[in-house]
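Dear colleague,

I am handing over the structure shown below, and the notes that follow it set out what was found. Please read them with the coordinates open.

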Amino acid sequence: GLSSVGENRYFPLRPGLRLVLEGEDEDGLTNVVWEVLDETREIAFEIAEEEVSVEARVIRESESLDGELIEVGHFFFAHCEETGDVFFFGEDIDLYEDGEIVSHSGSWMAGEAGARPGIIMPGFPEAGAVHALLYAPIVDALERGEVIDVRAPVETPITMFDDAVIV
């Protein structure tokens, strides 16, 4: 079954978990904060003509550019206890300009306007495996992931990882 908590090695759904990413390019300094909230959302959709309902974990992503908030997204995920896969069920997006919400562009939800969930991270990724990330016609999105490597060395300013998964 699907659960709003789970321990996928690369994508844990543990409330309280927080990840901060920073980077700089020609646009400026970007700061992204991912927070696994102690909050869930019930999402209903249809599979093979059968109505299904899932309690999904909410992850909030806040993105700033040069210290100014530009986007807040709430993403909805569930962990498959049998396979370890983490499924992606949709996202509510708020885009900001000058501190005000100007758009919800990119928002979609499984079960609405033909959208279907996909796998954001396989439980046991294997090089060469392909999986559907999402299918959301309302935002013109059909995305897939291909696992390129499961033991890639990746160096960051903080540490070196020997077994990163590249999708």
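The side chain of Asn31 makes a polar contact with the side chain of Glu22, at a distance of 3.0 Å, and I should say at once that this, like everything below, comes from a predicted model. Asn31 belongs to strand β5, which covers residues 28-47, and its relative accessibility is 22%, so it counts as partly exposed, given that a residue has to fall under 20% to be called buried. Leaving out residues up to four places away in sequence, Asn31 touches Val20, Leu21 and Glu22 as well as Ser62, Glu63 and Ser64. Between the C-alpha atoms of Asn31 and Gly67 the distance in space is 7.8 Å, although the two are 36 residues apart in sequence.

Two residues deserve a look at their backbone angles. Asp66, which lies in the loop between β6 (50-65) and β7 (68-80), has a phi near 50°, a positive value in a residue other than glycine. The relative accessible area of Asp66 is 53%, and it is therefore classed as exposed. Ala113 also has a positive phi, of about 50°, although it is not a glycine; Ala113 sits in the loop between β10 (108-109) and β11 (118-121), and with a relative accessible area of 51% it is exposed.

Is a loop residue such as Ser4 buried or exposed? Ser4 is in the loop between β1 (2-3) and β2 (7-8), and it is buried, with a relative accessible area of 9%. Once residues up to four places away in sequence are set aside, Ser4 touches Leu13, Thr40, Glu55, Ala56 and Arg57.

His131 is placed in strand β12, which takes in residues 130-136, and because its relative accessibility is 9%, it counts as buried. A polar atom of the His131 side chain lies 3.4 Å from the backbone oxygen of Ile119. Beyond its neighbours within four places in sequence, His131 is in contact with Ile119, Ile120 and Pro122, with Arg144, Gly145 and Val147, and with Val167.

Turning to the chain as a whole, its secondary structure comes to 0 helices and 15 strands. The C-alpha atoms fill a box of roughly 45 × 40 × 30 Å along the principal axes. For 167 residues a compact globule would have a radius of gyration near 15 Å, and the 17 Å of the protein chain agrees with that. Of the 167 residues, 38% are buried, and among contacts with a separation of 6 or more, 39% are accounted for by residues 24 or more positions apart.

As for the surface and the charges, the protein chain exposes about 10,000 Å², of which carbon and sulfur atoms supply 50%. The chain carries 9 positive and 38 negative charges, and the mean positions of the two sets are 7 Å apart; in that count Lys and Arg are taken as positive and Asp and Glu as negative, while His is not counted, which is worth bearing in mind if you assign protonation states yourself.

With best regards

Notes
Residues are numbered from 1 along each chain as its sequence is written. This is a predicted model: local features need pLDDT of at least 70, side-chain atom pairs count only at pLDDT 80 or more; totals for chains, interfaces and linings use all residues. Side-chain values use heavy atoms; hydrogens and water are left out. Helices (H or I, at least four residues) and strands (E, at least two) are DSSP runs, numbered from the N terminus. The radius of gyration is taken over C-alpha atoms; the globule rule is 2.2 Å times the number of residues to the power 0.38. Buried means under 20% relative accessible area, exposed over 50%, partly exposed in between (1.4 Å probe, protein chains only). Contact means heavy atoms within 4.5 Å. Accessible areas come from the Shrake-Rupley method with a 1.4 Å probe; for residues, only the protein chains shown count as cover. The place of a charge is taken as NZ of Lys, CZ of Arg, CG of Asp or CD of Glu. A polar contact is a pair of N or O atoms within 3.5 Å; within protein, one must be able to donate a hydrogen and the other to accept it, and residues adjacent in sequence count only if both atoms are side-chain atoms.
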